[in-house]
Amino acid sequence: STKGDVYSFGVLLLQMITGRSPTDKNFSDGASLHEFVRRAFPDNICDVVDQTMLEDDSNAQEVIKNCVIPLVRIGLSCSMTSPKERPDMGQVSTEILRIKHVASPMYVR
């Protein structure tokens with residue numbers, strides 16, 4: 001179903017941001033990638049973000065605020081347990097385009 005596709009997209013997004021697989025050995029006893037990220041969101045998001053994403057970025061704090069946190073918010077909403085709580089891909093696409101628009105000036109040299 002399309003809601004299943006949205007879920008998969010959310011998990012993939014969280015996986016890309018954290019650098020962790022949903023099947024990571026740390027996610028046992030009912031823990032999940034979604035829960036791991038949700039517990040850190042938004043105040044401790046730096047604790048779960050793959051640091052290699054930010055290591056060469058002089059604008060790291062701005063990237064976290066304007067890109068990472070909004071993308072994590074999308075990943076979390078897409079990977080909700082209940083399909084009824086997940087957004088549709090039109091909403092997701094609109095939000096990603098908004099994030100891209102905000103982030104683009106940060107990388108103009």
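Reader: In what order do the elements of the chain run from the N terminus on?

Author: This is a predicted model, and in it the elements run α-α-α-α from the N terminus, the secondary structure coming to 4 helices and 0 strands. The radius of gyration of the chain is 14 Å, close to the 13 Å that the globule rule gives for 109 residues, so the chain is as compact as a globular protein of that length. Taken along the principal axes, the C-alpha atoms fill a box of roughly 45 × 30 × 20 Å.

Reader: What share of the 109 residues is buried, and what share of the exposed area do carbon and sulfur atoms supply?

Author: Buried residues make up 34% of the chain, while carbon and sulfur atoms supply 53% of the roughly 6900 Å² that the chain exposes. As for contacts between residues at least 6 apart in sequence, 62% of them join residues at least 24 apart.

Reader: How should I read the pattern of buried residues along a helix, and which residues of helix H2 are buried?

Author: The general idea is that an α-helix has 3.6 residues a turn, so residues three or four places apart point the same way. In helix H2, which spans residues 33-40, the buried residues are Leu 33, His 34, Phe 36, Val 37 and Ala 40. Seen down the axis of H2, these buried residues fall within an arc of 165°, so they line one face of the helix.

Reader: Which helices do the buried residues of H2 pack against?

Author: They pack against helix H1, residues 2-18, and helix H3, residues 60-78.

Reader: Turning to single residues, is Asn 66 buried or exposed, and which residues does it touch beyond those up to four places away in sequence?

Author: A residue is called buried when its relative accessible area is under 20%. Asn 66, whose place is in helix H3, has a relative accessibility of 19% and therefore counts as buried. Setting aside residues up to four places away in sequence, Asn 66 touches Ile 99, Val 102 and Met 106.

Reader: Where is Gly 75 found, and what is it in contact with once its neighbours within four places in sequence are left aside?

Author: Gly 75 is also found in helix H3, and at 0% relative accessibility it counts as buried. Apart from its neighbours within four places in sequence, Gly 75 is in contact with Gly 10, Leu 13 and Leu 14. The C-alpha atoms of Gly 75 and Gln 15 are separated by 9.1 Å, although these two residues lie 60 residues apart along the chain.

Note on methods. Residues are numbered from 1 along each chain as its sequence is written. This is a predicted model: local features need pLDDT of at least 70, side-chain atom pairs count only at pLDDT 80 or more; totals for chains, interfaces and linings use all residues. Side-chain values use heavy atoms; hydrogens and water are left out. Helices (H or I, at least four residues) and strands (E, at least two) are DSSP runs, numbered from the N terminus. The radius of gyration is taken over C-alpha atoms; the globule rule is 2.2 Å times the number of residues to the power 0.38. Buried means under 20% relative accessible area, exposed over 50%, partly exposed in between (1.4 Å probe, protein chains only). Contact means heavy atoms within 4.5 Å. Accessible areas come from the Shrake-Rupley method with a 1.4 Å probe; for residues, only the protein chains shown count as cover. The arc is that of the directions from the helix axis to the C-beta atoms.
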